[in-house]
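Me: I am new to this structure and would like a short tour. Could we take a few residues and helices in turn?

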Amino acid sequence: MHGRRDPPCGTSCSVARANHERALWHFVSFYGDPMAAFDATIAADPGWGLARVIKAVFILTLTEPGMVPQARQLLVEAEPLMAGAPLHEQAHLGAARAALAGRWREACARWDTMLLDHPRDLLALSAAHLFDFYRGDARSLRARVARVLPEWPVEDPLQPYVLGMHAFGLEECNLYPQAEAAGREALARDPRGPWAIHAVAHVMEMQGRHAEGAAWLQERRTYWAVDNGLAIHLWWHQALFRLETLDTAAALALFDAHIAGSASTVNLQWLDGAALLWRAQLLEADVGTRWQALAGDWADPVAHAGHYAFNDVHAMLALLGSGELARAQALLSACTERANADNEEMTREVGAPLMRGLMAFAQGDAAQACRLLYPLRTVAHHFGGSHAQRDLIDQTLLAAADTALGHALLNERRLAKPVTPLTAYWAVRIGSRRAAAH
Ligand SMILES: [Fe+2]
């Protein structure tokens with residue numbers, strides 16, 4: 001549906017417009033092959049610059065350093081095509097350039113300005129939402145979507161996807177009942193909404209509703225596990241629900257079946273695998289040779305270091321897990337040398353000290369790990385990810401902490417997850433340390 005508030009369109013080719021609409025659906029739903037839709041749009045009207053810009057923006061949202069040259073080339077090609085384009089489409093080129101240069105905050109600000117005039121610009125909204133996530137900007141995850149949501153008629157087939165974004169933003173702002181209600185409402189309109197399914201899974205994760213969460217994902221498996229870009233991440237969530245019951249064998253079985261090997265091909269997928277193995281190992285599970293396999297699959301993390309601190313920290317987990325301390329040190333050095341633009345700040349403030357803390361932990365220096373990790377908890381969101389993902393820091397601290405710190409962390413944890421087996425497990429470990437100290 002198009003109306004006054006929809007963005008102006010720089011092509012009169014109906015096939016290109018139809019392909020662009022399909023590409024936007026791929027973008028927000030994570031289903032299928034968005035790249036094919038982008039290419040079909042470009043082929044239908046090679047003179048439409050925005051068709052190249054949206055493909056570049058999508059590539060940049062993958063945070064995949066090896067694909068950045070492809071995005072850069074698309075924007076170079078788009079530039080001469082944009083001279084006669086509507087100003088709104090030219091503004092998209094400006095936002096995409098900022099994202100390409102690593103100025104993610106500026107890119108989000110540019111997309112935000114565009115949304116004020118055209119609140120149903122789904123490209124601007126989707127891109128800003130993902131970069132809000134990568135920047136750990138929880139407020140904007142919620143509020144940016146809230147500013148445009150009422151402009152979407154409920155009968156629009158893409159409205160449930162916007163509502164799903166809002167659900168996730170609410171969850172990251174700790175507004176759990178509202179988040180769950182928004183996610184369920186989105187799915188009542190269209191059950192094929194992986195981002196809404198994901199948002200409700202996060203609510204259940206944060207509230208310690210692990211049995212309900214496992215059932216939630218299992219019952220909706222056909223909507224997220226097949227031909228969907230979020231599948232591996234949602235398998236990771238399913239594995240977290242297993243870990244909450246201390247069933248490390250089941251969690252590792254999910255890793256083997258759905259995350260390991262050729263299932264994962266980009267940083268955003270390998271990092272879920274690393275986060276899962278790290279947590280399983282904190283629970284003293286024997287993960288066998290999975291670390292070595294994961295580190296072997298990871299496409300040269302040292303060469304690609306410095307693109308995004310959150311990904312780099314997870315590559316560090318894989319190297320530490322597989323015992324490659326020299327490469328881990330090389331990764332840290334490469335990150336601090338190469339990080340620029342917004343990622344320089346993220347690396348300096350969170351990424352590098354977090355890597356040092358994880359290295360200390362892996363080398364058995366628990367006291368140094370605590371000194372480095374504990375102060376990061378209040379700023380760790382500045383390098384993005386979700387509450388659930390950053391819980392890895394807390395769990396590492398619980399494994400490393402002396403009795404007083406461990407007891408304090410446990411008190412805090414009990415507020416959110418008072419009765420889960422995982423909380424009880426940490427209580428026993430902290431308690432046994434306390435007994436040993438007296
Ligand atoms: Fe998640």
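Reply: Certainly. This is a predicted model. A convenient starting point is Ala78, which is in contact with Gly49, Arg52, Val53 and Leu93 once its neighbours within four places in sequence are left aside.

Me: Which helix does Ala78 lie in?

Reply: Ala78 is part of helix α4.

Me: And is Ala78 buried or exposed?

Reply: Ala78 counts as buried, because it has 26 C-beta neighbours inside 10 Å, and 20 or more is the cut-off for a buried residue.

Me: How are Ala78 and Leu50 placed, along the chain and in space?

Reply: They are 28 residues apart along the chain, and their C-alpha atoms are separated by 7.1 Å.

Me: Leu50 belongs to α3, I believe. How many residues does α3 have, and how far does it reach?

Reply: Helix α3 covers residues 49-61, which is 13 residues. From its first C-alpha to its last it reaches 19 Å, close to the 18 Å expected at 1.5 Å a residue.

Me: How many residues of α3 are buried?

Reply: Twelve of the 13 are buried, so α3 is largely enclosed by the rest of the structure. Among the buried residues are Gly49, Leu50, Arg52, Lys55 and Phe58.

Me: What covers those buried residues of α3?

Reply: The cover includes α1 (14-29), α2 (34-44), α4 (68-81), α5 (87-100) and α7 (122-134).

Me: Let us take α2 from that list. At what angle do α2 and α3 pack?

Reply: The angle is about 160 degrees, and the axes are 9 Å apart. The two helices are therefore roughly antiparallel to each other, since angles over 145 degrees count as such. The crossing of α2 past α3 is left-handed.

Me: Which residues make the contact?

Reply: On the α2 side they are Pro34, Phe38, Thr41 and Ile42, and on the α3 side Ala51, Arg52, Ile54, Lys55 and Phe58. Sorted by class, this contact of α2 with α3 has six nonpolar, one polar and two charged residues.

Me: What comes just after α3?

Reply: Thr63 is found there, with a positive phi of about 50 degrees. As background, most residues other than glycine have a negative phi.

Me: Where is Glu284, and what is its phi?

Reply: Glu284 has a phi near 65 degrees, a positive value in a residue other than glycine. It is located in the loop between α16 (267-282) and α17 (290-297). Glu284 is exposed, because 10 other C-beta atoms lie within 10 Å and the cut-off for exposed is 12 or fewer.

Me: What about Asp300: which loop holds it, and what is its phi?

Reply: Asp300 sits in the loop between α17 and α18 (309-321). Its phi is positive, about 45 degrees, although it is not a glycine. Asp300 also counts as exposed, with 10 C-beta neighbours inside 10 Å.

Me: Back to helix pairs. How do α7 and α8 cross?

Reply: The axes of α7 and helix α8 (residues 138-148) come within 9 Å and cross at roughly 165 degrees. That makes α7 roughly antiparallel to α8. Their crossing is right-handed.

Me: Which residues of α7 and α8 meet?

Reply: Leu125, Ala128, His129, Asp132 and Phe133 of α7 meet Ser140, Leu141, Arg144, Val145 and Val148 of α8. By class, the contact of α7 with α8 comprises six nonpolar, two polar and two charged residues.

Me: Now for His198. Where is it, and what is it in contact with?

Reply: His198 is in helix α11 (residues 194-206). Leaving aside neighbours within four places in sequence, His198 is in contact with Phe168, Leu230 and Leu234. It counts as buried, with 22 C-beta neighbours inside 10 Å.

Me: How far apart are His198 and Arg414?

Reply: They are 216 residues apart in sequence and 23 Å apart in space, C-alpha to C-alpha.

Me: One last residue, Tyr425. Which helix is it in, and what does it touch?

Reply: Tyr425 is in helix α24 (residues 421-437). Not counting residues up to four places away in sequence, Tyr425 touches Leu246 and Leu283. With 18 other C-beta atoms within 10 Å, Tyr425 is partly exposed. From Tyr425 to Gln389 there are 36 residues in sequence and 20 Å in space, C-alpha to C-alpha.

How values were computed: Residues numbered from 1 in each chain as written. Predicted model: local features only at pLDDT ≥ 70, side-chain atom pairs only at ≥ 80, totals over all residues. Helix = DSSP H or I, 4+ residues; strand = E, 2+ residues; numbered from the N terminus. Expected span 1.5 Å × (residues − 1). Contact = placed C-beta atoms within 7 Å. Axes fitted to C-alpha atoms, helices over the stretch in contact; angles between N-to-C directions. Parallel < 35°, antiparallel > 145°, perpendicular 65-115°, else oblique. Left-handed = near helix turned anticlockwise from the far one by under 90°. Nonpolar A, V, L, I, M, F, W, Y, C, P; charged D, E, K, R; others polar.
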